[in-house]
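This report introduces a structure to a reader who has not met it before. Please keep the sequence and the three-dimensional view at hand while reading.

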Amino acid sequence: MTENEAIKILNTEKHCLNNSTKGICKINCGECKENIPIAYQEKAYEAAITALGKECILDIGLDAMNADVNLPIMTHRNKRQKHGTGGQVSRMSDDLISRKAAEQQLMDSFLRWEYIYTHGCSDPFYEDGYNINLVRNHIIYGKRKLEELGYLPEIYGRETHPEVDNKYMARADEIRQHARQTLARYKADENLRYLIKNAHKASREEAKQISLNRVLRYAYGLEDFIKTDSLVDMRRHENPERYLESFKSCREELQRILEKPGNQEMTLITEEQTGQLRFV
């Protein structure tokens, strides 16, 4: 059997390798009661194992009829007939899958570290440095996992990044600029201005029902974050659309309340609570 013939067998849609995700053979091969010898390349073998997953038994051997080819053989037995629904996978296939998975996880961790270091993440409460150091721990763990598997691919030799300051923030100047731009949008928003102007007309209970104070704090809170240079808090406002939508929906709720007949009471939400004097 030639190398090309081996690849053709592995790739043909008629062969059971392409239909074994449920451990069921789709060709006329005695329903896998007998071994099916297949010559294959190393890469093709890895691909076959990935396709088969843990649905079939995979053995290594040489086909006596094709011994001169010097290619290994895959032996496929029907898991459902030979071992029931709780079938096992050979140690070799298990190890190969584990090694490739561990290698990919380590590669992903390095990519994740680089992305957060450059672009930051979207954690609403913790700085990027904290998250970067968590990913660094994943890298260390990933290397140890490969050592345990006795598999040291190229990515293993890549130097582990040093720890960074937990307070480190990527794009700090960009976040500050976006925060100032967002605050300007808030101050110009007609819905927010309506809320600030009419907040005192709602009772405490009505204000609580529509989360009026919380919505107002979105705006004047950002002003405080800018003053204190709280980058994590400012970053939450880089995409202000959801906050602007909150201003809009809250205004609609407040208008419904104020349009109720007889609801003309001047109430008890103070300027300090709404922040309106500081904000406008």
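The report covers the nonpolar cores, then a surface patch, and then the salt bridges. The structure is a predicted model.

**Nonpolar cores**

The largest nonpolar core holds 32 residues, and within this core Tyr186, Leu212, Leu216 and Phe247 touch the most other members. Two or more residues are contributed by each of the elements α6 (172–188), α7 (190–198), α9 (212–228), α10 (231–235) and α11 (241–258). Helix α9 supplies the largest share of this core, with eight residues. A second core, separate from this one, has 13 residues, including Trp113, Cys121, Ile139 and Leu149.

**A nonpolar surface patch**

On the surface, a nonpolar patch is formed by Phe125, Tyr126, Tyr130 and Leu134, which together have about 430 Å² of accessible area. One of these residues, Tyr130, belongs to helix α5 (residues 128–149). Tyr130 has a relative accessible area of 35% and is therefore partly exposed.

**Salt bridges**

Side chains of opposite charge can pair when their charged atoms come close. In this model the count comes to 13 salt bridges. The table lists three of the pairs, with the distance between N and O atoms.

| Acidic residue | Basic residue | N to O distance |
|---|---|---|
| Glu103 | Lys100 | 3.9 Å |
| Glu127 | Lys167 | 3.5 Å |
| Asp229 | Arg176 | 2.7 Å |

Glu103 and Lys100 are separated by about one helical turn, because they are three residues apart in helix α4 (residues 91–119). Glu103 counts as buried, at 16% relative accessibility, whereas Lys100 is partly exposed, with a relative accessible area of 36%.

The salt bridge between Glu127 and Lys167 joins two loops: Glu127 lies in the loop between α4 and α5, and Lys167 in the loop between α5 and α6, so the pair ties together parts that are 40 residues apart in sequence. Glu127 is buried, at 17% relative accessibility, while Lys167 is exposed, with a relative accessible area of 59%.

Asp229 and Arg176 also meet through their side chains. This pair links distant parts of the chain, since Asp229 is in the loop between α9 and α10 and Arg176 is in helix α6, 53 residues apart. Both partners are partly exposed: Asp229 has 36% relative accessibility, and Arg176 has a relative accessible area of 24%.

Finally, salt bridges also link Arg171, Glu174 and Glu238 in a network.

Technical notes:
Residues are numbered from 1 along each chain as its sequence is written. This is a predicted model: local features need pLDDT of at least 70, side-chain atom pairs count only at pLDDT 80 or more; totals for chains, interfaces and linings use all residues. Side-chain values use heavy atoms; hydrogens and water are left out. Patches are made of residues with over 30% relative accessible area and no salt bridge: like charges are joined within 9 Å, nonpolar side chains (Val, Leu, Ile, Met, Phe, Trp, Tyr) within 5 Å. Accessible areas come from the Shrake-Rupley method with a 1.4 Å probe; for residues, only the protein chains shown count as cover. A salt bridge is a side-chain nitrogen of Lys or Arg within 4 Å of a carboxyl oxygen of Asp or Glu. Helices (H or I, at least four residues) and strands (E, at least two) are DSSP runs, numbered from the N terminus. Buried means under 20% relative accessible area, exposed over 50%, partly exposed in between (1.4 Å probe, protein chains only). A nonpolar core is a set of buried Ala, Val, Leu, Ile, Met, Phe, Trp, Tyr and Cys residues joined through side-chain atoms within 4.5 Å.
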